[in-house]
Amino acid sequence: MTTPSTAPARKHFSMIRGFHLADAFTLGNAACGVGAVFLAMAFMASHSLAQFLWAAALAPAAFVFDVLDGRIARWRQTQSALGRELDSLADVISFGVAPAALGFAAGLNGGWDCVILIYFVGCGVSRLARYNVTAEALSAGADKVKYFEGTPIPTSVVLVGVLAYAAWQGRIGDALWGAAWAVGPWQLHPLVLLFALSGTLMISKTLRIPKF
């Protein structure tokens, strides 16, 4: 009589042991995004221009962390599935939710504005999910992906720059460029169309951006 083979014990996944130096920079990226959201909310309560500009400044800071984590991972050869997922989640906060929160705080708070900001974040989430699924195929056996399908989500830093410039010029709130249009039951600020364009470019299948 043969003894049934027992399945090998499942190894416990240690979060601490699974972390690498690059992951600390990824968390720095996420921290910048969360800080930007908090400052955007604080600005809505205080209307302090400094708080809005500090929130905007955290976007390029998050971008620096995002670049460094990838370079450190390749330098130390510590790229992992955990690191990739962490990077995507951090990017959703810093380059998806945070720019949308800044847009809302800047005055893009009409009904249609909110729909478009939600669309923008949804596009960013979809863009990152598609990248994670297709990264192995796109790399064709190389160490990294050769090109991006659609614009990378960190390009939303440009939107934050536009909002920061508008704030510096005093053109946020009721003074937003383009004013507000009444479209059906809700208002639409033309400036929010930049978010619609950015989101659409992120999920484009035909647009290919070389990765250097």
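## The nonpolar core

In this predicted model, the largest nonpolar core holds 39 residues, and F52 and F195 are the two that touch the most other members. Helices α2, α3, α4, α5, α6 and α7 each give two or more residues to this core. The largest share, 7 residues, is supplied by α4. As a general backdrop, nonpolar side chains in soluble globular proteins tend to be buried together.

Which residues does F195 touch, once those up to four places away in sequence are set aside? The list runs P99, A100, G103, L108, I116, L117, F120, L159 and L163. F120 on that list deserves a closer look, and it comes up again below.

## Aromatic pairs

The model has 5 aromatic pairs. One of them joins F120 and F195 edge-to-face, with 5.1 Å from centre to centre and 90 degrees between the planes. This pair links distant parts of the chain: F120 belongs to helix α5 (residues 111-139) and F195 to helix α7 (residues 193-202), 75 residues apart. Both F120 and F195 are buried.

Now for Y165 and W177: their ring centres are 6.0 Å apart and their planes sit at 35 degrees, so this pair counts as tilted. Y165 is in helix α6 (residues 157-168), while W177 is in the loop between α6 and β2 (181-183), 12 residues apart. Are these two buried or exposed? Neither label fits: Y165 is partly exposed at 49% relative accessible area, and W177 is partly exposed at 28%.

## Around S156 and N132

S156 is found in the loop between β1 (147-149) and α6. With a relative accessible area of 1%, S156 is buried. Beyond its neighbours within four places in sequence, S156 is in contact with F95, P99 and F120. Two of those names are familiar, since P99 and F120 are also among the residues that F195 touches.

N132 lies in helix α5, and at 14% relative accessibility it counts as buried too. Why does 14% get that label? Because buried means under 20% relative accessible area, N132 makes the cut. Leaving out residues up to four places away in sequence, N132 touches R84, E85 and S88.

## Salt bridges centred on E149

How many salt bridges turn up in the whole structure? The search finds 2. In one of them, the side chains of R130 and E149 meet at 3.9 Å, N to O. R130 is in helix α5 and E149 in strand β1, so this bridge ties together parts that are 19 residues apart in sequence.

E149 also forms a salt bridge with K205, where the closest N and O atoms are 3.2 Å apart. This pair links distant parts of the chain, from E149 in strand β1 to K205 in the loop between α7 and β4 (208-210), 56 residues apart. Put together, R130, E149 and K205 are linked in a network of salt bridges. Buried or exposed, what are the partners in the second bridge? E149 is buried at 7% relative accessible area, whereas K205 is exposed at 52%.

## Helix α2 and the positive phi angles

Helix α2 (residues 21-46) has 26 residues, which at 1.5 Å a residue should span 38 Å; its end C-alpha atoms are 37 Å apart, so the two values agree. Just after α2 comes H47, with a positive phi of about 60 degrees, although H47 is not a glycine. H47 sits in the loop between α2 and α3 and is exposed, with a relative accessible area of 61%.

A179 is another non-glycine residue with a positive phi, this time about 55 degrees. The loop between α6 and β2 is home to A179, which is partly exposed at 42% relative accessibility. W177 is in that loop too.

## The chain as a whole

Stepping back, the protein chain has 7 helices and 4 strands, in the order α-α-α-α-α-β-α-β-β-α-β. Of its 212 residues, 41% count as buried. The chain exposes about 12000 Å², and carbon and sulfur atoms supply 68% of that area.

What share of contacts between residues at least 6 apart in sequence joins residues at least 24 apart? In this chain, the figure is 77%. The F120 and F195 pair, 75 residues apart, and the E149 and K205 bridge, 56 residues apart, are two links of long reach in sequence described above.

Methods:
Residues are numbered from 1 along each chain as its sequence is written. This is a predicted model: local features need pLDDT of at least 70, side-chain atom pairs count only at pLDDT 80 or more; totals for chains, interfaces and linings use all residues. Side-chain values use heavy atoms; hydrogens and water are left out. Buried means under 20% relative accessible area, exposed over 50%, partly exposed in between (1.4 Å probe, protein chains only). Contact means heavy atoms within 4.5 Å. Accessible areas come from the Shrake-Rupley method with a 1.4 Å probe; for residues, only the protein chains shown count as cover. Rings of Phe, Tyr and Trp (its six-membered ring) pair if their centres lie within 6.5 Å; planes under 30 degrees apart count as stacked, over 60 as edge-to-face and the rest as tilted. The expected span of a helix is 1.5 Å times one less than its number of residues. A nonpolar core is a set of buried Ala, Val, Leu, Ile, Met, Phe, Trp, Tyr and Cys residues joined through side-chain atoms within 4.5 Å. A salt bridge is a side-chain nitrogen of Lys or Arg within 4 Å of a carboxyl oxygen of Asp or Glu.
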